Amino acid sequence: MSAARLAAGGGWRAAARGSGLLRVSPDGTEHVASTIFAEMSALALRTGAINLGQGFPDVDGPAWIAEAAVQAVRDGHNQYPPGPGIAELREAIADHQRRRYDLEVDPGTEVLVTTGATEALAAALLALVGPGDEVITLEPFYDSYGGVIGLTGARHVPVALVASPTGFRLDAAALRAAASPRTRLILINTPHNPTGAVLDADELAAIAQVATDCDAIVLTDEVYEHLTYGDSVHVPIATLPGMAGRTLTVSSSGKTFSFTGWKIGWIHGPAELITAVRTVKQFLTYVSGAPFQPAIARALADDDAPRELAASLAARRDLLCEGLAAAGFAVTVPQGTYFVVADGAPLGFPDGAELCRRLPELAGVVAIPMTAFCSEGSPANAALRSSLRFTFVKRPEVLEQAVDRLSRLPGA
């Protein structure tokens, strides 16, 4: 039997088309959709432009953490680790949550180590929602959210974050209006990629109230938890009264320690929900990152490394924001994450996607259009049509060079 015939019987095709992961050419040929991130990174490589599109550091994290992984290899941590993750790392995660947020987590039954936060989110969605359910997300949203929700067969219900003088903020009334008896899960991300918003106490309370009213699970993506700036403080929604029992919290070592390629993430929450997530996760990667797990366990015990990175990123954020503003963009200064949103409309560019494709030629820089993080035809898509996302998680000298190039934009 041919591969094509085998595949034709699967229901994956409709789900993949619906989620935008599979596209059909005019001649009827199906192909895997290329993401805007891949397109822009290839454009940067082809043109020699500075890539401020993809959010990955261009410098490794602390050398002592890398050396801990090297030592783990030498010590023989090279075979499959336990399914839930090594005990040392699960205990370090629980201790981190207790120390930082006063959250009590059982490392034996309420923590699961995953292949990055992306797997944790995917396994949770695949385990907990399906056809007939609705999943609310904030919009704009990290692109994997829409793809995985599409694969579950659930309905994706985005709620737009609204630009304001203090950055992007949650519209609590819109959230309440979006909720329904079919709302099974609310997926939030704070600090928020791509807007850089850090949800405040009132916004978190509004989400908690809607989740309680709908009896919904909250899945919270907190990978940028340590990367906040100024007076902004990250507060896990699981710390709100009554929320620990309905919240799954996801985080990762990649952003906190600048080892994104190690793909060591985790998820914690009520034991019965973690069991459901692990049931799916075991058929995805099963396990991964054996020598990296003990290294990250050691890293989580040290509070200095995240603080040093956040301080460095705050200075780089300011460098890029000031440069973008001087070039003529309207800039929303982020409260957290790696990213800044800049509107190209004041420079005469109403279409952010078009500007992104021309930016290497015009200024030798690559960014990502904000519409890549929005549903087609949504209010957020229209509101952000002329906006771009730039990353500042690059060396200061790279950002200085990018700012110099952007200063030569027409109209700057």
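Trainee: At what angle do helix H4 and helix H12 pack?

Mentor: Bear in mind that this is a predicted model, where local features need pLDDT of at least 70, side-chain atom pairs count only at pLDDT 80 or more, and totals for chains, interfaces and linings use all residues. Residues are numbered from 1 along each chain as its sequence is written, and side-chain values use heavy atoms, leaving out hydrogens and water. Helices (H or I, at least four residues) and strands (E, at least two) are DSSP runs numbered from the N terminus, and axes are lines fitted to C-alpha atoms, for helices over the stretch in contact, with angles from 0 to 180 degrees between N-to-C directions. H4 (residues 63-74) and H12 (residues 292-300) have axes 8 Å apart, and their angle is about 145°.

Trainee: How many charged residues does the contact of H4 with H12 have?

Mentor: Contact means heavy atoms within 4.5 Å. On the H4 side sit Trp64, Ile65, Ala68, Ala69 and Ala72, and they meet H12 residues including Phe292 and Arg298. Ala, Val, Leu, Ile, Met, Phe, Trp, Tyr, Cys and Pro count as nonpolar, Asp, Glu, Lys and Arg as charged, and the others, Gly among them, as polar. That gives 10 nonpolar, no polar and, for charged, 1.

Trainee: Which strands stand at the edges of the open sheet?

Mentor: Strands pair if DSSP finds at least two bridges between them. The 8 strands run E4-E11-E10-E9-E8-E5-E6-E7, with mixed pairing. One side of each edge strand is left without a neighbour in the sheet because each has a single partner strand; these are E4 (111-115) and E7 (167-170).

Trainee: And in E11, what is the bridge partner of Val113?

Mentor: E4 and E11 (residues 264-268) pair in the antiparallel sense over 5 bridges. Val113's partner in E11 is Trp266.
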